[in-house]
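Visitor: Could you take me closely through one part of this model, the largest pocket, and say what lines it and which annotated residues belong to the picture?

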Amino acid sequence: MDTIAIPALNRPVDATVEIPGSKSLTNRALLVAALAQGDSLLENALFSEDSEYFAKCVEQLGIPITLNPDLAQIRVAGRGGDIPAKQADLFVGLAGTAARFISALVALGNGEYRLDGVPRMRERPMGDLLTVLQTGGATVNFEGNSGFMPYTVYSQGFTGGNFRLKANQTSQQLSALLMIAPYAQQDTNIEVEGTLVSQSYVKMTCRLMADFGVEVIQIGDNQFQIKAGQRYQARHYTVEPDASNASYFFAAAAVTGGRVRVKHLTKQSCQGDILWLNVLEQMGCQIKDSDDYTEVTGPKQLQGIDIDMNDISDLVQTLGAIAPFASSTITIRNVEHIRYKETDRIKAVVTELRRLGVQVEEFPDQLKIEPGPVTPAAIETYHDHRMAMAFAVTGLKVPGIVI
Ligand SMILES: O=C(O)C1=C[C@@H](OP(=O)(O)O)[C@@H](O)[C@H](O)C1
Ligand SMILES: C=C(OP(=O)(O)O)C(=O)O
């Protein structure tokens with residue numbers, strides 16, 4: 001097993017950093033650029049496992065992609081809605097967005113497409129999306145449990161029409177459907193049944209679709225209409241720095257009473273996770289922003305907070321990792337859906353904080369963390385990048401933490 005010992009900082013952090021592009025925007029832009037007619041250039045694109053699997057899948061579907069990691073650029077030669085490959089065996093690793101978005105993309109094709117991921121991906125929910133795709137003309141053959149990877153999608157175009165979709169475990173299935181809907185044979189109307197989690201990501205989807213020339217009509221919180229026949233326009237698109245990734249750097253300023261400036265990320269970001277700045281402000285940090293950077297300065301003493309993180313749930317681990325240093329209880333509410341991500345993130349945060357000697361209470365959809373002394377330990381990541389990044393911040397404050 002690889003381990004990384006985190007060197008504690010014995011002084012406040014003082015740094016200006018540049019953060020790679022947003023994963024969520026990179027993968028959305030890859031999908032819509034693949035459907036546009038002609039060449040798109042994505043700048044400040046993210047190069048990571050999730051986006052590389054995504055790009056590889058798109059390429060296997062017959063849509064040429066040129067990766068230039070040195071310049072953080074991806075060129076996509078979109079095929080105007082055509083999926084040239086009639087057969088493909090696609091692997092998405094543990095990338096939820098790739099799993100959901102590529103499953104929807106192949107429904108526009110004409111052929112048979114097998115999709116699979118790592119063992120944990122085989123446990124993550126896919127069924128509600130596949131039910132809609134089946135109603136819209138696809139046949140899906142599950143190799144194991146119904147509603148889970150691996151499966152083969154036999155498609156002959158997507159009919160569009162009226163659908164109901166559950167989105168209480170993930171919003172990504174809704175985002176996936178929204179993005180393919182303009183290429184359906186008829187108009188699409190999607191009604192979300194019950195709760196819609198991670199709403200900020202659906203807003204991001206609609207915003208990115210608009211940036212590429214397609215309109216989504218939203219009625220209330222839960223109904224979405226997309227007219228058939230709209231077409232994405234190929235373009236140059238600059239991906240914003242990843243706000244979720246920036247959270248670790250801002251958290252470093254918060255816990256060490258230091259200062260971190262993130263270049264090119266502003267409060268105007270279309271990423272919901274930019275609201276991390278509000279969380280830190282409520283905990284006593286000072287925020288300075290301009291039209292080209294955001295800067296966080298940590299206080300002498302962080303304060304506790306009671307917060308609903310449904311919409312910004314990728315930040316639960318960041319908040320969990322700095323919670324022991326607050327002056328009073330940290331309560332994180334309404335995040336049952338993080339049990340379906342790279343790992344069960346409620347359980348993982350609770351287990352690792354307890355390993356550090358921190359008192360935590362676990363509930364089905366929330367956690368309550370009591371600040372107190374931290375005993376160094378080796379942190380288990382459960383193959384979840386956010387466990388590693390978040391607890392590395394704890395390690396800046398407490399000598400002896402190993403990831
Ligand atoms: O659409 C997206 O890009 C994402 C949506 C969220 O997932 P859920 O909708 O599953 O909560 C988020 O956690 C994930 O990192 C990225
Ligand atoms: C949940 C995440 O990713 P995904 O769902 O795309 O695997 C994440 O990056 O925190």
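Guide: In this predicted model, the lining of the largest pocket is a mixture of residue classes, with 15 nonpolar, 9 polar and 11 charged residues. The lining comprises 35 residues in total, and those lying nearest the centre of the pocket are H383, D384, H385, R386 and A388. Among the elements, α2 (49-60), α7 (243-256) and α11 (385-397) are the ones that give two or more residues to this lining, and α11 makes the largest contribution, with 5 residues. The space that these walls surround comes to about 840 Å³. Two domains take part, since at least three lining residues are drawn from domain 1 (5-12 + 268-280 + 301-402) and at least three from domain 2 (23-222).

Turning to the annotations, an unreviewed UniProt entry gives "binding site" for K23, S24, R28, T170, S171, Q172, S198, D314 and K341. Each of these residues, from K23 and S24 through to D314 and K341, is included in the lining of the largest cavity.

Two of the annotated residues can be followed further. Q172 is part of helix α5 (residues 172-180), and it counts as buried because its relative accessibility is 14%, below the 20% limit used for that term. Leaving aside residues up to four places away in sequence, Q172 is in contact with G96, T97, R100 and F101.

D314 carries a second annotation, for the unreviewed UniProt entry also lists this residue under "active site". D314 is placed in the loop that runs between β17 (305-308) and α9 (316-322), and with a relative accessibility of 9% it too counts as buried. Its contacts, again without residues up to four places away in sequence, are Y201, S244, Y248, D273, K341, R345 and R386. Among these contacts, K341 is itself one of the residues under "binding site", while R386 is one of the residues nearest the centre of the largest pocket.

For comparison, the second largest pocket has a volume of about 210 Å³, and its lining divides into 11 nonpolar residues, 1 polar residue and no charged ones. At least two residues of that lining come from each of β1 (14-17), α7 and α11, and Y248, which D314 touches, is one of the residues that line the second largest pocket.

How values were computed
Residues numbered from 1 in each chain as written. Chains lettered and ligands numbered in written order. Predicted model: local features only at pLDDT ≥ 70, side-chain atom pairs only at ≥ 80, totals over all residues. Heavy atoms only, no water. 1 Å grid on protein atoms, 1.4 Å probe; cavity = no way out; pocket = protein on both sides within 12 Å on 5 of 7 lines; lining within 4 Å. Points joined across faces, edges and corners; volume = space filled by probe spheres on them. Helix = DSSP H or I, 4+ residues; strand = E, 2+ residues; numbered from the N terminus. Nonpolar A, V, L, I, M, F, W, Y, C, P; charged D, E, K, R; others polar. Domains from an automatic or database assignment. UniProt positions renumbered as here; feature names shortened; annotations may be inferred. Buried < 20%, exposed > 50% of the residue type's maximum accessible area, 1.4 Å probe, protein only. Contact = heavy atoms within 4.5 Å.
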